Amino acid sequence: MKIRLDRTMCDGFGYCAKHAPKYFSLDDWGYASLTGDGTVDEADERDVMRALLDCPVHAIIEITEDDDQ
C-alpha cells in the first residue's frame, strides 16, 4: 500500500496521527505531515486505512498502481 497526503486539504483534525503515528506527524498548529515516502508496511495497513477513512476532508489518498504510471 502507498499513500500521499494533500497538505492543502488538511484542516488539522489530527485523526491520522492518532490512528497511524508511524506515518503522520502534526506540526505546531496541528496540521499533518506524511512521515517517509508514503510506503506502508503490510502490518500497518489497517491503521493507515483507518486514518484515511476517518479523515473528514479526505486529505489522505491511497495511490494505486494505475496512479504510478
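Here a biologist and a modeller talk through a predicted model.

Modeller: Residues are numbered from 1 along the chain as its sequence is written. In this predicted model local features need pLDDT of at least 70, side-chain atom pairs count only at pLDDT 80 or more, while totals for chains, interfaces and linings use all residues, and side-chain values use heavy atoms, leaving out hydrogens and water.

Biologist: Okay, how do you know which helices and strands the chain has?

Modeller: They're DSSP runs, numbered from the N terminus: helices are H or I with at least four residues, strands are E with at least two. That gives three helices and four strands, in the order β-α-β-β-α-β-α from the N terminus.

Biologist: And what makes the chain as compact as a globular protein of that length?

Modeller: The globule rule is 2.2 Å times the number of residues to the power 0.38, and the radius of gyration is taken over C-alpha atoms. For 69 residues the rule gives 11 Å and the chain's radius of gyration is 11 Å, so the chain is as compact as a globular protein of that length.

Biologist: Why are I3 and L5 in strand 1 called buried?

Modeller: Buried means under 20% relative accessible area, exposed over 50%, partly exposed in between (1.4 Å probe, protein chains only). I3 and L5 point to one face of strand 1 (residues 2-5) and are buried, while K2 and R4 point to the other and are not. Over the chain, 35% of the 69 residues count as buried.

Biologist: How do you know that strand 1 pairs with strand 4?

Modeller: Pairing takes at least two bridges found by DSSP. Four bridges join strand 1 to strand 4 (residues 60-63), and the two run antiparallel. L5 stands opposite I60 there.
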